[in-house]
Amino acid sequence: MSGLVGRRIAITRPAGRGDTLAARLQALGAIPLLTPLIAYMPPPDPAPLQQALNRLATGAYHWLVVTSRQTVQVLADTTIPESTAIAAVGKATASDCRRAWGREPTVVPDTEIGSALPAIMGQLAGKRVLLPCADIAPPTLTEALRAAGADVDRVTAYCTVAGPGLADLQRMIDDGAIDAIVLASGSAVRQLQQLHVPTGLPPLVCIGPSTAAVCADLGLPIAGIAERPNDDALIAVLEQVFTPYCEVKE
């Protein structure tokens, strides 16, 4: 029998992004709880993004760098000239690129860490790079691209804000009704800081090393890290977390 049977697992992905994982966990006997800790909003001033996309459509950029699925969603209706190469961070982001633009990204790093991109993008000196990203994205990738000689236009494609699930998660933790929390981004991890948890958080399961690194920076203990950033790997690590235990809450 699966160690997930009867386990109450909070899925903190944005609304609509955790449904598939929830369905699979439910099929294994778990009780998935959708508690989105983050949400996405358009930038308060859309002009810089629109101006950059207008330049993109004219072929002004050698590279378009997309680091998240949300960026692809924002840019899905944008025309990308064949002369502009696409660099994507993460297999899920790369898959979304194929669906949105009917093109295979030119490069996809083996790691989910964006700063690994410059090393596989070839000669960047003098190349114009468009980097649309979240308002809270760290400057690491921008700095790495510029250090490699690229002329980088970084623009805000979307803003990350608190999601509607924080109050629900707090209530369920207070009631002892959560057995594990699945975290799929550093932004979601940071939202946990707003919780009042005098007895500590339930086990935290991270989708990958970047998310786990934010947990570590905040001093949050990690119960498990998925080997790959997908639902299969998340389920596997959740099984590992709970398999040694047999007592299930009524």
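This is a friendly exchange about how some terms apply to a predicted model.

Student: Why is Val129 called buried?

Tutor: Buried means under 20% relative accessible area. Val129 has 0% relative accessibility, so Val129 counts as buried. The residue lies in strand β6, residues 128-134.

Student: Which residues is Val129 in contact with, leaving aside its neighbours within four places in sequence?

Tutor: Among them are Tyr61, Trp63 and Val65, and also Leu145, Ala150 and Val152. Leu25 makes a useful counterpoint: the C-alpha atoms of Val129 and Leu25 are separated by 40 Å.

Student: What makes the pair of Tyr40 and Tyr158 edge-to-face?

Tutor: Two values go into that. Rings pair if their centres lie within 6.5 Å, and planes over 60 degrees apart count as edge-to-face. Here the centres are 5.0 Å apart and the planes are at 80 degrees, so the pair is edge-to-face. The structure holds 1 aromatic pair.

Student: Where in the chain do the two rings sit?

Tutor: Tyr40 is in strand β3 (residues 38-41) and Tyr158 in strand β7 (residues 151-162). They are 118 residues apart, so the pair links distant parts of the chain.

Student: How do you know whether Tyr40 is buried, partly exposed or exposed?

Tutor: Partly exposed covers what falls between the 20% and 50% limits. Tyr40, at 25% relative accessibility, therefore counts as partly exposed. Its partner Tyr158 has a relative accessible area of 6%, so Tyr158 is buried.

Student: What makes β4 and β5 a pair of strands?

Tutor: Two strands pair if there are at least two bridges between them. Strand β4 (residues 63-66) and β5 have 4 bridges, in the parallel sense. Trp63 stands opposite Ala85 in β5. Together with helix α3 (residues 69-75), the two strands make a right-handed β-α-β unit.

Student: Which way do the residues of β5 point?

Tutor: Ala85 and Ala87 point one way, whereas Ile86 and Ala88 point the other way, and all are buried.

Student: What makes up the largest nonpolar core?

Tutor: That core has 21 residues, and Leu169, Ile178, Leu204 and Cys215 are among those with the most contacts inside it. Elements giving two or more residues to the core include β8 (180-183) and α8 (209-217). The largest share, 4 residues, comes from α6.

Student: Which residues does Cys215 touch beyond its sequence neighbours?

Tutor: Leaving aside neighbours within four places in sequence, Cys215 is in contact with Leu183, Val189, Leu204, Cys206, Leu220 and Ile222. Apart from this core lies another, of 20 residues, and Tyr158 is one of its members, as is Ile86.

Terms used
Residues numbered from 1 in each chain as written. Predicted model: local features only at pLDDT ≥ 70, side-chain atom pairs only at ≥ 80, totals over all residues. Heavy atoms only, no water. Core = buried A, V, L, I, M, F, W, Y, C linked by side-chain atoms within 4.5 Å. Buried < 20%, exposed > 50% of the residue type's maximum accessible area, 1.4 Å probe, protein only. Contact = heavy atoms within 4.5 Å. Phe/Tyr/Trp six-rings, centres within 6.5 Å; stacked < 30°, edge-to-face > 60°. Right-handed = clockwise from strand over helix to strand, strands pointing away.
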